[in-house]
Amino acid sequence: MIRTVFGLVLVLVLALLLVLAVPDVQPREELEGVGLESAARGYADTGSANLVTGVIVAYRGLDTLGEVVVLFCASTAVVLILTLFPLSRRPSRPSTIVSQTSGVLPAPIILFAVYFIAHSHLSPGGGFPGGTVIASAFLLVMLGSSGVPNSLGRLPAVESLAGLTFGLLGFWGVMTAGQFLNNGFLGTGTPGTIISAGIIPLISLAIGAKVASEFSGVFAAFRNTGGTE
Amino acid sequence: MNNVFYWSIASVALGLVLIGLWGVLTRRNILRIALAFTLADTGVNLLLVWSGFLPGRTTPIIDGSVPAARVGDMVVDPVPQALVLTSIVIGVAVAALFVVVGVLASRRTGSADIRRMRELRW
């Protein structure tokens, strides 16, 4: 009771402070600074029709590499903890609906995700969301069977290869253009076509493969309730 | 009347943050606390995207309806949308660790109730 009242008071005070701040907030009318530069020059600089992807992969490629490292650390920690302290409970049997759909749906889901990743420089999409969609297909497969498929043991290899690809693409830029993760050394092609925008599509594929394998590994660790050994 | 949309997005975002905060403060099941935490996280992400929103403008993707020459006048700010990716990824990482530690703690005490997790009290 006291906890509810205390929480409610705190939340209401915070809401009041936010409402008091409303008159000071006005919608922006014009782009300025970094936003304007990224929007106005992004297309010519990176060749990416999707300006957001241009910012993520080309202008802030090093930061994206850092994000991949963060995700890698988190998934490693989760898998490590669940391997050291396995949840010793038998997984429940899947219902008929789940086990039937898990045989049909994963293929179209993965097809959609591959489209999503491969067109990240042309339409909304990218390696992180696409990889998550692929992992959701694998999660459906795992939920539809009563354990974890053995072929998921190859996930670490996919993950390492994808991370290596990201790093090597960066160093390729050092060798040819003298800049880590340089986007222009392959040429930016005809913007708006699938083969364009320098190394952005390649990095998106690498990120997609890495995120998909990491999340699948995390799901498998949660699903593999008897421990791996 | 684009400002209705502008303010409704802000309200939804701040509402999610407040609901999440309320949940973290008042719930006792550790998995519900994790859920409330991700709600607040989603609200913050929505607020970040909202900060780059300009009323009456469109998505920062160049195609037939957004010519490259006029892009500076037609699209919203692409930078917050790119920055929010970092926030989302970190949020997922924190949530995953939260859930794992919560599951382990609830297994150790035999209950997901945080009142029974006394090992971290002083």
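The following paragraphs describe a predicted complex of two chains, A and B, from the individual folds to the contacts between them.

Residues are numbered from 1 along each chain as its sequence is written, and chains are lettered from A, and ligands numbered from 1, in the order in which they are written. Because the model is predicted, local features need pLDDT of at least 70 and side-chain atom pairs count only at pLDDT 80 or more, whereas totals for chains, interfaces and linings use all residues. The predictor assigns the complex an ipTM of 0.79 and a pTM of 0.81. For chain B, the mean pLDDT (the predictor's confidence in each residue, from 0 to 100) is 84, and 97% of its residues reach 70 or more. Within chain B, confidence is highest in helix H2 (residues 30-51), at a mean of 91, and lowest in H3(B), at 76.

Chain A has nine helices and zero strands; both kinds of element are DSSP runs numbered from the N terminus, helices being H or I runs of at least four residues and strands E runs of at least two. Its radius of gyration, taken over C-alpha atoms, is 22 Å, against near 17 Å for a compact globule of 229 residues; the globule rule is 2.2 Å times the number of residues to the power 0.38. The C-alpha trace of chain A spans about 55 × 50 × 35 Å along its principal axes. Of its 229 residues, 38% count as buried. A residue is buried if 20 or more other C-beta atoms lie within 10 Å of its own, exposed if 12 or fewer do, and partly exposed in between, with C-beta atoms placed from the backbone. Contacts are defined by C-beta atoms, placed from the backbone, that lie within 7 Å. In chain A, residues 24 or more positions apart account for 73% of the contacts with a separation of 6 or more.

Chain B has four helices and zero strands. Its radius of gyration of 20 Å is well over the 14 Å that the globule rule gives for 122 residues, so chain B is more spread out than a compact globule. Its C-alpha trace spans about 60 × 25 × 25 Å along the principal axes, and buried residues make up 25% of the 122 residues.

Two helices of chain B can be followed in detail. The 22 residues of H2(B) should span 32 Å at 1.5 Å a residue, and the end C-alpha atoms of H2(B) are 32 Å apart, which agrees; the expected span is 1.5 Å times one less than the number of residues. The buried residues of H2(B) are B:Ile30, B:Ala34, B:Leu39, B:Asp41 and B:Gly43. H4(B), with 32 residues, reaches 47 Å from its first C-alpha to its last, close to the 46 Å expected. Its buried residues include B:Pro78, B:Val84, B:Leu85 and B:Val100, and the buried residues of H4(B) pack against H2, H3, H4, H7 and H9 of chain A together with H2 of chain B. H4(B) is followed by B:Gly110, whose phi is positive, near 80°.

The two chains meet where 35 residues of chain B are in contact with 42 residues of chain A. On the chain B side, helix H1 (2-26), helix H3 (71-74) and helix H4 (78-109) each supply at least two residues, and H4(B) provides the largest share, 15 residues. This side of chain B divides into 26 nonpolar, six polar and three charged residues. Here Ala, Val, Leu, Ile, Met, Phe, Trp, Tyr, Cys and Pro count as nonpolar, Asp, Glu, Lys and Arg as charged, and the others, Gly among them, as polar.

B:Pro60 gives a local view of the interface. This residue lies in the loop between H2 and H3 of chain B and is buried, with 29 other C-beta atoms within 10 Å. Beyond residues up to four places away in sequence, B:Pro60 touches A:Ala39, A:Leu51, A:Val52, B:Val75, B:Val76 and B:Pro78. With the same exclusion, the residues touched by A:Leu51 include A:Tyr43, B:Pro60, B:Ile62 and B:Val75.

A:Leu51 also leads into the largest nonpolar core, a set of buried Ala, Val, Leu, Ile, Met, Phe, Trp, Tyr and Cys residues joined through C-beta atoms within 7 Å. Of its 61 residues, A:Leu51, A:Val78, A:Ile203, A:Val218 and A:Phe219 touch the most other members. H9(A) gives the most to this core, with 14 residues. A second, separate core of seven residues includes B:Leu14, B:Val17, B:Leu21 and B:Trp22.
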